[in-house]
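This briefing looks at a protein–DNA model, taking the DNA surface and then one residue inside the protein.

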2 protein chains.
Amino acid sequence: MKNLLSSIKISVPEKIFLKDPESSDLGKRIIEHSILLIDEIGFDNFTFKKLGTKIGSNESSIYRYFESKHKLLLYLTSWYWAWIEYQLVFSTSNIPNPEERLLKAIEIVTQTIKEDYDFSHVNEVKLNQIIINEYSKSYLTKEVDSENKEGYFEVYKRLITRLRDMILNINPEYKFASSISSTIVEGALHQHFLKDHFKSITDCSEKVTPTKFFQDLTINAIKPK
Amino acid sequence: MKNLLSSIKISVPEKIFLKDPESSDLGKRIIEHSILLIDEIGFDNFTFKKLGTKIGSNESSIYRYFESKHKLLLYLTSWYWAWIEYQLVFSTSNIPNPEERLLKAIEIVTQTIKEDYDFSHVNEVKLNQIIINEYSKSYLTKEVDSENKEGYFEVYKRLITRLRDMILNINPEYKFASSISSTIVEGALHQHFLKDHFKSITDCSEKVTPTKFFQDLTINAIKPK
DNA sequence: CAAAGGTGATAGTATTACTATTAAATTCGC
DNA sequence: GCGAATTTAATAGTAATACTATCACCTTTG
């Protein structure tokens, strides 16, 4: 898996960046260190000036790649979901049993990333933490609708659509296939957050994973009555 | 209901404010118009200066009530959840059947507020919209843990605990009572957001409510096998 | 070898999220 | 009803943010 992943290129909607960060050394350093810095100080406290200092480069140079820190967040989140989508497609394609396939898919979208896949300059463990802590901020804005039209959330929506199709494949009569899919993906991030900060309102922990919870929930919900 | 609600006082953790906004005319205007303004321009674009202009008062006067706009958001969200909790307790107390009671509780926490209850100076319809669009921002910060210790999220956690207890009352063996409760509350906000901005990944609409989805989901999940 | 593109350095702007100080208005205790 | 205390308003000021603009240098490429 590791080797295969290192050789493919994750593709992110082009309009998100001004200049493709994959196209230069500076661009890759921006991605690499923005992940480390956002994980460290949080997106709210993150600035291009601080990032410039970290990578020994200039604020103005970073603006040549991303027109704002918000666009950089959109880039990182799109990259993450594209990476998850790749894993999902790859690891479910050879499972013939629809229920088994769905369980695997739920595992992929709800698990904590524990291992750094060393996908070039991206630290996936820390990126996963950023998604848990900051993903909502990428769409909870007054500009969602226009940014959605620009296609900035395509990857995320496509991932949820794939999950939905696997559910409908098991039970085409289930009325809430889209809603349960979006609930699984968003809800898993939330449960991960709760187990780190609000333990009293989750059953999830190191032993009981969000994966188990959502697998159980989904199987019971979609079974024909 | 309306009359009853107008006569009780919703109580918010004291440490959230510097001076109780309920204690003065200016305080009430701050609450009233902050709801209108945040709903209008979004929390990110909201400033005390703009609010001051709206209410014909001064920025510095608002700082006497709240030490930051973040604290004001915590106040509004605590107020909202306390109000929901009150409705929950009130409207389930006389339902003897545990399953019926749970279904009612899910209805309360997942419904859209469509009617302005005219609870003094609070516009509940717009406050509900603010919760949908901004609630996550109140806890997705680097300061969650210390603010949690201060008790700023008590009301929210208590509400989820109440839901959990109703579920355990039906099936004490169900392993994920806390997780499903937090998923219902958070997930309902998310589904409301999706139906307004990302229609393709939800089944919810004007006709199919998040309430129906979560009632169906929960009943199937918690039934003893 | 010259032109083009990429990067770095510096400066500047409007706005934000506050703090501090003082003055004016209002309310309260007696 | 008056003086004291509290509340509010007005002004000014600060450090940081989220950029934009300009220019110089350095490298790559045709």
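The points below cover the contacts with one DNA strand and the surroundings of one valine.

This is a predicted model, in which local features need pLDDT of at least 70 and side-chain atom pairs count only at pLDDT 80 or more, while totals for chains, interfaces and linings use all residues. Residues are numbered from 1 along each chain as its sequence is written, chains are lettered from A and ligands numbered from 1 in the order in which they are written, and side-chain values use heavy atoms, without hydrogens or water.

**Surface near DNA strand C**

- Among the 18 residues around DNA strand C (a heavy atom within 4 Å of the strand), those that come nearest are Ser57(A), Arg64(A), Tyr65(A), Glu59(B) and Tyr63(B).
- These residues of the surface comprise 4 nonpolar, 8 polar and 6 charged (nonpolar: Ala, Val, Leu, Ile, Met, Phe, Trp, Tyr, Cys and Pro; charged: Asp, Glu, Lys and Arg; polar: the others, Gly among them).
- Sugar or phosphate accounts for 60% of the strand C atoms within 4 Å of the protein, and bases for the rest.

**Atom pairs with DNA strand C**

- The side chain of Ser57(A) has an N or O atom 2.4 Å from a phosphate oxygen.
- For Tyr65(A), a polar side-chain atom lies 2.8 Å from a phosphate oxygen.
- In Ser60(A), a side-chain N or O atom is 3.3 Å from a base nitrogen.

**Val185(A)**

- Val185(A) counts as buried because its relative accessibility is 1% (buried means under 20% relative accessible area, with a 1.4 Å probe and protein chains only).
- Leaving aside neighbours within four places in sequence, Val185(A) is in contact (heavy atoms within 4.5 Å) with Trp81(A), Val109(A), Tyr156(A), Ile160(A) and Leu163(A).

Conventions:
A polar contact is a pair of N or O atoms within 3.5 Å; within protein, one must be able to donate a hydrogen and the other to accept it, and residues adjacent in sequence count only if both atoms are side-chain atoms. Buried means under 20% relative accessible area, exposed over 50%, partly exposed in between (1.4 Å probe, protein chains only).
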